[in-house]
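Trainee: Could you take me closely through one part of this model, the place where the chains meet, and then carry on from there into the parts that lie around it? I would like one connected account rather than a list.

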There are 2 protein chains.
Amino acid sequence: MIYFDHAATTPLLDEVHKLVCEGLKEDYANPSSKHKLGSIVASKIESARKKILKNLECKNYDLIFTSSATESNNQVIKSFSDPSKIIYCLSDHPSISKCLEHSGQFVLESDDIVEKVDSETELVIISLVNSQAGIIKDIEEISTSIKQKNPKTRVLVDAVQGLGKIPFSLSHSSIDYISIAGHKIGGPRGIAGLLIKKGAPIKALLEGGGHENGLRSSTPATSLILGFEKAIEISCANLDRNYNEVEQLKNHLINSMAVIHKNIEFPFKEIQTSPYIVCLIFKGIPSDVLLRHLEMKEVYISSTTACSSKIKGRNPMFVGLGLEEKYHKNVMRISFCSTTTKEDVELFISKFKEVINEVSFLIK
Amino acid sequence: MIYFDHAATTPLLDEVHKLVCEGLKEDYANPSSKHKLGSIVASKIESARKKILKNLECKNYDLIFTSSATESNNQVIKSFSDPSKIIYCLSDHPSISKCLEHSGQFVLESDDIVEKVDSETELVIISLVNSQAGIIKDIEEISTSIKQKNPKTRVLVDAVQGLGKIPFSLSHSSIDYISIAGHKIGGPRGIAGLLIKKGAPIKALLEGGGHENGLRSSTPATSLILGFEKAIEISCANLDRNYNEVEQLKNHLINSMAVIHKNIEFPFKEIQTSPYIVCLIFKGIPSDVLLRHLEMKEVYISSTTACSSKIKGRNPMFVGLGLEEKYHKNVMRISFCSTTTKEDVELFISKFKEVINEVSFLIK
């Protein structure tokens, strides 16, 4: 079986799985309970929070735990009262683009987002790594340019596809908010985070018991928090090595695939992209057909992001990325994780070749 | 060790723990992914959803999974544009009272909430079981009376402390929304639900990938959903037996405690309360002191709900319950779960006696 849909979500790392299962058993007390059992659990959560802040070199930031990156992005967006003063990219994750579809101002991936900033702009959203194409943004440079143009403008970075995979430091950052999640790097689902620069305005989306410094009420899910932290710790510790290894795999995949059939194209080959994501187009055969044939050989990839799979009509992500509409039905995404091996890639290539042989008669 | 703080949160049931750990390992695919791995996981989620609806006899309801009952309550409240047309009880959980503190209309526990309903009322919130005092409300009767007075008024029931513990049927219910969570009945934290009567208005709080029928975007946490379902299934299957057993334990505790010291009072003894929650007052000694002494003997109970523990100043829950202010510092809550035994209760009583002997010199 080949699972190359890690940008949708990854299996848990063994160490994370062990920790979460232990936590589910042992750390059952409510961290808000005033007794010792509650305090022990609360201190484990605080320790996880500190470790994440340290691993991401975030000394000027607070971290709140949320249930998903969707929640983190929504919380920042909904902290601003006038969405028409928010600028985002149409190719951002649906938790941004859907949230702002009727009210925000958007640019395309090829546009210079800084140009769009004016004296009224309250928030600009940047994706560190685009989840469909893998395009990497220089978040620090863009943020600095935005603030040179309008020092009052706040910047939110959606770092979900970059966390633990793409090097970035927040030690001297001008970025105001960073949304993170662990389930693309072997952490559990149901937990995520929002880094908030000290002093940046933020409102609670969930109100109640005043957890997370009043910014996110709900009984915390201790074991998930511990697993989330561990996934970040492991990914950050091995980031460079993993990056280089996965980059070699990606290059090998692209070079091998390009010669399989003349109809295969890699539309973002000339742009700096994450080694973990490969976006390709097979002209002439709908990706649905290819994916179904691959699935029959136990090979799992996707066409678009899982969170865009329910979209009816044109996929705004494809439009934002500037993909020609006639090829929208031909787009595929292959995505790796840190434990992907050369053998996996070789097997994938051979299975893909088989599928092409089976379906090439369909090409018009 | 005696843990009698189950109303704050409970350890996972063994069967639930096993299921969640297996799910964390195996059901890693993203349920929104279109490939087979995604569909398998998605169908497990749909199966869990159906089982919950069946176990709660909810054929006229849809169920969406949320991250917490706080989120469920917030989502309903924030679906109504004018909070001044919402009536709640001051003794409701902070996810209701805090959310409405500056805007909603409140009653006290002793008030008749139906009387407050008028032609303008859009939403009334009722707690099935009060989390501090255990008071049980006849939710069906209240809901019916509300709708007789104003058929357009919607009713939200916070059923968190009653789910799997107190019998209630929704098969012919007039209630519009019911918020549920599993972590008071041996289910995992980080997952909860909202039952929505077909046709009742509801808005998404989290927008993005359109999960949960567009009502709650975020990659679902499959393993938590499966564990949540299992906890409900087990609790509902054993509800009557557990109720009777725990009721005997509660009666035994109250009868034994009442004779330990004349300063012990059970303020809600004459009202119908949940067997799982015992609220008591020890006049003359602050509960903080008693709780610290109990803790030294490895006995863990609480003064107020965990979600109220961060409150500064007067606890609105105590005010709502009509507890005299001079006794606010003397309130304690003991809470059981389905696996609490008579031996646990006996041990608790003996430890409590020891503590009273140690601290009774403090009584003025």
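Mentor: In this predicted model, chain B and chain A bury about 5,200 Å² between them, and 56% of that area lies on carbon and sulfur atoms. Within the share that chain B buries against chain A, Tyr28(B), Arg189(B) and Glu207(B) supply 14%, which is more than any other three residues. Counted by residues, the contact takes 61 from chain B and 61 from chain A.

Charged pairs also belong to this contact, since the count between chain B and chain A is four salt bridges. One of them joins Lys78(A) to Glu207(B), with the closest N and O atoms 3.0 Å apart. Glu207(B) therefore deserves a second look, because it is named both in that salt bridge and among the three residues of chain B that supply 14% of the area.

How the two copies are placed can be put in terms of a rotation and a shift. Two copies of a chain are related by a rotation about an axis and a shift along it. Here a rotation of 180°, with 0.0 Å of shift along its axis, superposes chain B on chain A with an RMSD of 0.0 Å, and that is the relation of a two-fold axis. The residues at the contact tell a matching story: 100% of the interface residues of chain B are also interface residues in chain A, so the copies meet through the same surface.

Turning to the strands of chain B, strand S7 (residues 177–181) is a good place to begin, because five of its five residues are buried and S7(B) is thus largely enclosed by the rest of the structure. In a regular strand the side chains alternate between the two faces of the sheet. For S7(B) both faces are covered, with Tyr177(B), Ser179(B) and Ala181(B) buried on one side and Ile178(B) and Ile180(B) buried on the other. Strand S6 (residues 154–158) of chain B pairs with S7(B) in the parallel sense over three bridges, and the bridge partner of Val157(B) in S7(B) is Ile178(B). S7(B) is also joined to S8(B) by five bridges, and these two strands run antiparallel; there, Ile180(B) has Gly193(B) as its bridge partner.

Strand S8 (residues 192–197) of chain B is itself mostly covered, with five of its six residues buried. It pairs with strand S2 (residues 61–66) of chain B in the antiparallel sense, over six bridges, and in this pairing Leu63(B) stands opposite Leu195(B).

A charged residue in a helix of chain B calls for a separate remark. Glu229(B) lies in helix H7 (residues 222–237) of chain B, and although Glu229(B) is buried, it has no salt bridge: the nearest side chain of opposite charge, Lys51(B), is 4.1 Å away, where the cut-off for a salt bridge is 4 Å. Leaving aside residues up to four places away in sequence, Glu229(B) touches Ala48(B), Lys51(B), Ile52(B) and Asn55(B).

Chain A offers a smaller piece of strand pairing to end on: an open sheet of three strands in the order S9-S10-S12, with antiparallel pairing. Its edge strands are S9 (264–265) and S12 (331–335) of chain A, each of which pairs on one side only. S9(A) pairs with strand S10 (residues 277–282) of chain A over two bridges in the antiparallel sense, and Ile264(A) has Phe282(A) in S10(A) as its bridge partner.

Methods
Residues numbered from 1 in each chain as written. Chains lettered and ligands numbered in written order. Predicted model: local features only at pLDDT ≥ 70, side-chain atom pairs only at ≥ 80, totals over all residues. Heavy atoms only, no water. Pairing = 2+ DSSP bridges. Helix = DSSP H or I, 4+ residues; strand = E, 2+ residues; numbered from the N terminus. Buried < 20%, exposed > 50% of the residue type's maximum accessible area, 1.4 Å probe, protein only. Least-squares fit on C-alpha atoms with pLDDT ≥ 70 in both. Contact = heavy atoms within 4.5 Å. Lys, Arg positive; Asp, Glu negative; His and termini not counted. Buried area = accessible area lost by both parts, 1.4 Å probe.
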